[in-house]
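Biologist: I have the sequence and the coordinates open, and I would like to go through them with you. Could we take it piece by piece?

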Amino acid sequence: MDITINILLTIATAATPLLIAAIGELVVERSGVLNLGVEGMMIMGAVGGFGAGYLTGSPWIGLLAAIIVGALFSLLFAVMTLSLATNQVATGLSLTLLGLGLSGMIGTSFVGQPGVRLPNLDIPGLSSIPVVGKLIFGQDPVFYISIALTAAVMWFLFRTRTGLTLRSIGDSHTSAHALGIKVIRYRYLAVIFGGACAGLAGGHLSLVYTPQWVENMSAGRGWIALALVVFASWRPWRVLAGAYIFGAVWIGQLHAQAFGIPVPSQFLSSLPYLATIVVLVLISRNKRLTMMNTPASLGQPFVPDR
Amino acid sequence: MKKLLIALMTTVAALSVVATAEAADKLKACWVYTGPIGDFGYSYQHDQGRLQVEKALGDKVETAYLENVSEGPDADRAFERLAREKCKIIFGTSFGFMDAEVKVAKKFPKVMFEHATGYKTGKNLGIYNARFYEGRYVLGQIAAKESKKGLAGYIVSFPIPEVVMGINSFILGAQSVNPDFKVKIVWVNSWFDPGKEADAAKALFDQGADIIVQHTDSTAALQVAEERKLHGFGQSSDMIKFAPNAQLTALTDEWGPYYISRVKAALDGTWKPDNVWLGIKDGAVKLAPFTNMPDDVKAMAEATTKKIAGGWNPFTGPVSKQDGTPWLKDGEVADDGTLLGMNFYVKGIDDKLPQ
């Protein structure tokens, strides 16, 4: 029994940063902006979060700093693509490269320093309930944030007027503009929200998942988050499903190896990617629905004609 | 997409070559790393060696380095660029730089080249390597003494000879203490992904291992051990700060003394291409202080370290291969060639070696 709970806890930890970064990017893409800089914003959040936590000794300040650094870094992207109408793909890629390089430079003095760890939730009485206690009441705070965030984004996008406006901008920025909606302002806010989420995901890496700072520690998680958004056909609950399927197979293959299952480890290593693609293709097989969900003006620069 | 990214990154790395002011009478020594120097692992240790050269030889040398250079065609450009920038001696620190160095060394016969962990040499190209397996034998002995369940978890990157050699040496050490000692192996197919290393450690602990060994670079696995109040070993650097109660010792690389001797030789004009495989006795492989263990285990570890420093090889017969066929006869010592190409497990390992 213990091992099952431990496996579930490990899966949740592995899925959380993917989920948070992907949910943020989902909102950005729903507004019609493609930000390929998730990896860069994530690693900046990781170094910012680690640094602030290490210098102040408080993991909570670290987490807050991670969010702020991610948001500020995404502002750079927003100014370039929204105000100056640069190419979103190129700008996003350079944001990633810049983030990887800059974080390494900022983090030089943090290398080899033990940081601070965000403690797990511990509610006296509740956390020690057998089986469910640890799962529901004993995880790290960011896990709860990630679930709440997913629910909030679902509600916001599909149950509020502002969410509807945001989606309409993503579908046709010219029409939205003609209706008098402030396209650029909405997109700025969406991009900054995405940056804050990516930063938080990075903070989870350097304050919870593996409390340390090393260069490139995000190790491609930003790219996985980006892929999850597309495969989930821009639906929040599918992002949640995708992140957890990915996490489950990822952890499952490590257990399979430790268990001694005679399957080549290289194949097992590629399983999480394969499984996520297969499942998400299956759940989004309805072509019309998928088309409906795809933001039609995704990636197109918008220059208001006066 | 990933290829393009890597290419871009290499270009960025190549542009950001770090160099101090040039002076005609100084010898310029240069390094090429495959990882970032901030990895607190393999590349970090090589760079510590570079800094020791600067410290020891002072204003007689100036140094420069390129980090994040990917193995393959991009490496050619990195070495050629350093050679053109008047580097007199260039150290390539990763196995995958081998062919690039061979090629560039032929082009620049007056520049001295050194390549770590490879096997191709040339008129102006020497090779050097470290016998990490010597240290792993000691780790195996400690693990067998300290593990209550007789089961260690072993996190590994890729099935290359160096890694296989390490696993074999570890299990030989462990079985010299406890003949029934077992090891569970997880391949993470990456040198560097802290998250995945932590997940692998959790999986191994969940499946009953109570001691963790790694041949990957980050401190993540040890931190998991610390959290679970179990034990493990540091890799490449002394990681005691990350796991004050969990680290038993760490297998560290000390390249400084070698680099200093080679740069000195280059200064004196006595440099010749060499082929060295340094071990504990040369100070290139070091074990961090033995901590969190009883005195008798510590004494045993120290005695074994001394024995290896005295010239004893952990791969001394009788040793059988995994399937039970004899490999080394009683008293027979494995030759370096076999070790450097090792692609089989010794007896007592349950895992199937990925091919």
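Biologist: Which residues are buried in helix H4 of chain B?

Modeller: Bear in mind that this is a predicted model. In H4(B), which runs over residues 98-107, the buried residues are Met98(B), Ala100(B), Glu101(B), Val104(B) and Ala105(B). They lie on the same side of H4(B), because the arc they cover around the axis is only 155°.

Biologist: And what covers the buried residues of H4(B)?

Modeller: The cover includes one helix, H3 (73-84), together with strands E4 (89-92), E5 (112-116) and E6 (125-130), which belong to chain B as well.

Biologist: Stepping back, how many helices and strands does chain B have?

Modeller: Chain B contains 11 helices and 15 strands, and of its 355 residues 50% count as buried. Among contacts between residues at least 6 apart in the sequence of chain B, 64% join residues that are at least 24 apart.

Biologist: What about the radius of gyration of chain B, and what would a compact globule have?

Modeller: A compact globule with 355 residues would have a radius of gyration near 20 Å, and the value for chain B is 21 Å, so the two agree. The C-alpha trace of chain B spans about 60 × 45 × 40 Å along its principal axes.

Biologist: Changing topic to the contact between the chains: how many residues does it take from each?

Modeller: Chain A contributes 36 residues to the contact and chain B contributes 35 residues. On the side of chain A that touches chain B, at least two residues each come from helices H1 (2-30), H4 (88-106), H9 (183-209), H11 (236-259) and H12 (265-283) of chain A. H11(A) gives the most to that side, with seven residues.

Biologist: How do the residues on that side of chain A divide by class?

Modeller: The side of chain A that touches chain B has 19 nonpolar residues, 16 polar ones and one charged.

Biologist: Back to H11(A), then. At what angle does its axis cross that of helix H6 of chain A?

Modeller: The axes of H6(A), residues 141-159, and H11(A) cross at roughly 155° and come within 9 Å, and the two helices are therefore roughly antiparallel to each other.

Biologist: Which residues meet there?

Modeller: From H6(A), Thr150(A), Val153(A), Met154(A) and Leu157(A) meet Pro236(A), Trp237(A) and Leu240(A) of H11(A). By class, this contact between H6(A) and H11(A) has six nonpolar residues, one polar and no charged ones.

Terms used: Residues numbered from 1 in each chain as written. Chains lettered and ligands numbered in written order. Predicted model: local features only at pLDDT ≥ 70, side-chain atom pairs only at ≥ 80, totals over all residues. Buried ≥ 20, exposed ≤ 12 C-beta atoms within 10 Å, placed from the backbone. Helix = DSSP H or I, 4+ residues; strand = E, 2+ residues; numbered from the N terminus. Arc of directions from axis to C-beta. Contact = placed C-beta atoms within 7 Å. Nonpolar A, V, L, I, M, F, W, Y, C, P; charged D, E, K, R; others polar. Axes fitted to C-alpha atoms, helices over the stretch in contact; angles between N-to-C directions. Parallel < 35°, antiparallel > 145°, perpendicular 65-115°, else oblique. Rg over C-alpha atoms; globule rule 2.2 N^0.38 Å.
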